[in-house]
Amino acid sequence: MRALLYASTVAAMLLFSGCSGTGPAIDDSAAATNQTEEINIVDENSAADSESGIESTNLDSAGLTLESIEAKMLPIYFGFDLYKLTDEDVDTLRQNMELVTSDAQEMNIANKYSLKLEGNCDEWGSDEYNFALGLKRANAVKDELINEGVAAERITLVSYGSSNPVCAEKTQECWSKNRRVDFKLRP
Amino acid sequence: MRIIFGVFFSALLLWGSDATIEVTKSVDALPSIAVEDASSDYNDGLSQRFYRVLVSDLNVLSIFNVDRDYVNAAFSDENVADSHKEINYVVRYQLVDNNGEMVVDVKLINNNKVMHTLNYRLKNPKQYVFLVHTIAAAINDFMGADPVDWMKEKVIISRTTGPRRSEIMITDYTLSYQFSIKRNGLNVFPKWADNTKKYFYYTDLTTGTPELRKHGVYDNSDELVLRSDGMLICSDVSDDGNRLLLSMAPEGQPDVYEYDVVSKKVKRVTNYSGIDVNAQYMDNGKIAFISNRFGYPNVFSKKIDSQATEQMVYVGKSNSACTAHGNYIIYKARESSNAFSKNTFNLHLISTKTDFIRRLTVTGINEHPLFSRDGGTVLFVKKYKNQSSVGVIRLNQNKNYLFPLKGGAIQSIDW
């Protein structure tokens, strides 16, 4: 069942971007075998409890998983107290969507998952405004994705404020890494 | 002596009737006080910890110069210890272990005469910290000073322990008592449900979809109140506990909403395309809230059922948090043009009746200000040099006190 859902997600990415890509040929029979096995071992509770709702599982002969796709998607970074996208950010966003599209083609799977955009802030303030700032950053990315043709109902948002840092050093460079929006693929 | 005290505090109250006016006084003018431990039980260190918390509390009362030397004495001794002969007041306490129950006797001595006695029984000695705060508040009341009932309040904090990890703890204002009530996941912005403090609201971000939940302190119940995409924070609870002000963003736009606890209905209070958050109940059906409607975060107010908003603060370029009590508002402001300088965020006090502004803090990141119920004291969180502390500001006494947290950082606080 999980494999079926995975397949749906990446196919959704295909629909989002409307682009086609090239990739290595997929062994359909291997994918089908994995799909059958997943139905027997799926644990929906554990999936719901995990941070992203996604676990590392080989889905196809190329070893692609939603997690591995997520890992390749670049965060969008923001300036201090800012939540507008620059042209460079839009390029990064398009790059991410092309990547997803390409991997989706490779996996040849159908449409069921959605995109989760996680807004984050640096450590300068843990108050409500900071959470709202993280959310506005995620919302700015959502608006641009919609401009790129992604269906709005397939995008969800969450802000973690300053509670999900990727860097803990007290430097400008580190803080700038924490002012970001992460892309997650979710059930 | 009490008459002199009365005159002194009356003058202080008159002078400080507008909290935005800073009161400056000489520390030397305060009477001295010392503490004597007469306990023979609790030799495991509890009686010494009791002593340290009591000395700290007496200091926070801001009406004494407190002697900090640890001194033992016999409870029945008529005279104070030799080293305390020049001290104006002595507090002598005795802790007795009565089959697991802590029995506490306290004397307040002045000129070798017992001025006041206090007696308590505590079933759970682990909660001795709250008993110490009760003793300090009773001594304060006996001296006729401004009430300090806030000392006895249970404080609730969310402590960040790592990326996407936090725990909610019940504590006291000094962080001396700590009880972890929710350990796993990412649970933030705890807020007491009403004055009984039997329940609290909090935001659960563990699953990635914000949920506002209500947790029972004594029955460990955990009830889903609301779920919303984006963000969902309980910013304030009405005095009767029947209404909540929420920062919520069901469509990705953070706005202020009001939730009726009885009817379970949600009403949108603000409608702005930028950021509206952190709403606080004020007098006369008004709320104060933070909005970036003029291009940067600042404090605004409005009536709940009206569209018109009023700007409350006209200084500062980034005023991103506030708390309100009657006509007073405390706001957090970024002071330096350099976003990352040492004195980044300070707290300021204003009155809606005057133009005065009083700066309440000097260094570090100071946030989450909260008035006590009587409005005379402010609790806040300070972050400075990798240390997270609970801060207490005595407004009329013009005194600030800090109580550092060992490990982790305070994400949010309520009392």
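Here are some questions and answers about this predicted model.

User: Let's start with chain A. In what order do the elements of chain A run from the N terminus on?

Analyst: Chain A has 7 helices and 4 strands to place. Reading from the N terminus, the order is α-α-α-α-β-α-β-α-β-α-β.

User: What share of the contacts in chain A between residues at least 6 apart in sequence join residues at least 24 apart?

Analyst: For some background, chain A has 187 residues, and 52% of them count as buried. Its accessible surface comes to about 8,100 Å², with 49% belonging to carbon and sulfur atoms. As for contacts between residues at least 6 apart in sequence, the share joining residues at least 24 apart is 81%.

User: How many Å apart are the end C-alpha atoms of helix 6 of chain A, and what span should we expect?

Analyst: Helix 6 covers residues 128-147 of chain A, which makes 20 residues. At 1.5 Å a residue, the expected span is 28 Å, and this agrees with the distance between the end C-alpha atoms, 28 Å.

User: Is helix 6 of chain A mostly covered or mostly uncovered, and which residue just after it takes a positive phi?

Analyst: In helix 6 of chain A, 17 of the 20 residues are buried, so to speak tucked away, and the helix is mostly covered. Just after helix 6, a positive phi of about 105° turns up at A:Gly149.

User: On to chain B. Which strands stand at the edges of the sheet 18-19-20-21?

Analyst: This is an open sheet of 4 strands with antiparallel pairing. An edge strand has a single partner strand, so one side of it is left without a neighbour in the sheet. That description fits strand 18 (276-281) and strand 21 (309-311) of chain B.

User: By how many degrees are neighbouring strands of this sheet turned against each other on average?

Analyst: Direction is ignored for this angle. Between neighbouring strands of the sheet, the average is 30°.

User: Which residue stands opposite B:Ser301 in strand 21 of chain B?

Analyst: Strand 20 (residues 298-303) and strand 21 of chain B run antiparallel and are joined by 3 bridges. Opposite B:Ser301 you'll find B:Glu310.

User: Is B:Lys302 buried or exposed?

Analyst: B:Lys302 is found in strand 20 of chain B. Among the residues B:Lys302 touches are B:Val269, B:Ile287 and B:Phe289. B:Lys286 is 16 residues away from B:Lys302 in sequence, yet the C-alpha atoms are 5.5 Å apart. With the cut-off for buried at under 20% relative accessible area, the 4% of B:Lys302 makes it buried.

User: Now strand 12 of chain B. How many of its 6 residues are buried?

Analyst: Strand 12 spans residues 211-216 of chain B. It is largely enclosed by the rest of the structure, because the number of buried residues is 5 of the 6.

User: Which residue is the bridge partner of B:Tyr202 in strand 12 of chain B?

Analyst: Strand 11 (residues 199-204) of chain B is joined to strand 12 by 6 bridges, and the two run antiparallel. They form a hairpin with 6 residues between them, where B:Gly208 in the turn has a positive phi of about 95°. The partner of B:Tyr202 is B:Arg213.

User: And which residue of strand 13 of chain B stands opposite B:Glu211?

Analyst: Strand 12 pairs with strand 13 (residues 222-227) of chain B over 5 bridges in the antiparallel sense. In their hairpin, with 5 residues between the strands, B:Asn220 takes a positive phi near 60°. Facing B:Glu211 is B:Arg227.

User: Time for aromatic rings. How many residues apart in sequence are the parts that B:Trp150 and B:Trp415 tie together?

Analyst: The structure holds 13 aromatic pairs over all chains. B:Trp150 and B:Trp415 form a tilted one, at 5.9 Å centre to centre and 50° between the planes. B:Trp150 lies in the loop between helix 3 and strand 7 of chain B and B:Trp415 in the segment after strand 30, so the parts tied together are 265 residues apart.

User: What kind of pair do B:Trp192 and B:Phe200 form?

Analyst: B:Trp192 is buried at 3% relative accessible area, and B:Phe200 is buried at 0%. Their ring centres are 6.3 Å apart. Planes over 60 degrees apart count as edge-to-face, and these stand at 85°, so the pair is edge-to-face.

Definitions and conventions
Residues numbered from 1 in each chain as written. Chains lettered and ligands numbered in written order. Predicted model: local features only at pLDDT ≥ 70, side-chain atom pairs only at ≥ 80, totals over all residues. Heavy atoms only, no water. Buried < 20%, exposed > 50% of the residue type's maximum accessible area, 1.4 Å probe, protein only. Contact = heavy atoms within 4.5 Å. Areas by Shrake-Rupley, 256 points an atom, 1.4 Å probe, with all protein chains shown as cover. Expected span 1.5 Å × (residues − 1). Pairing = 2+ DSSP bridges. Axes fitted to C-alpha atoms, helices over the stretch in contact; angles between N-to-C directions. Phe/Tyr/Trp six-rings, centres within 6.5 Å; stacked < 30°, edge-to-face > 60°. Lists of a residue's contacts leave out its neighbours within four places in sequence.
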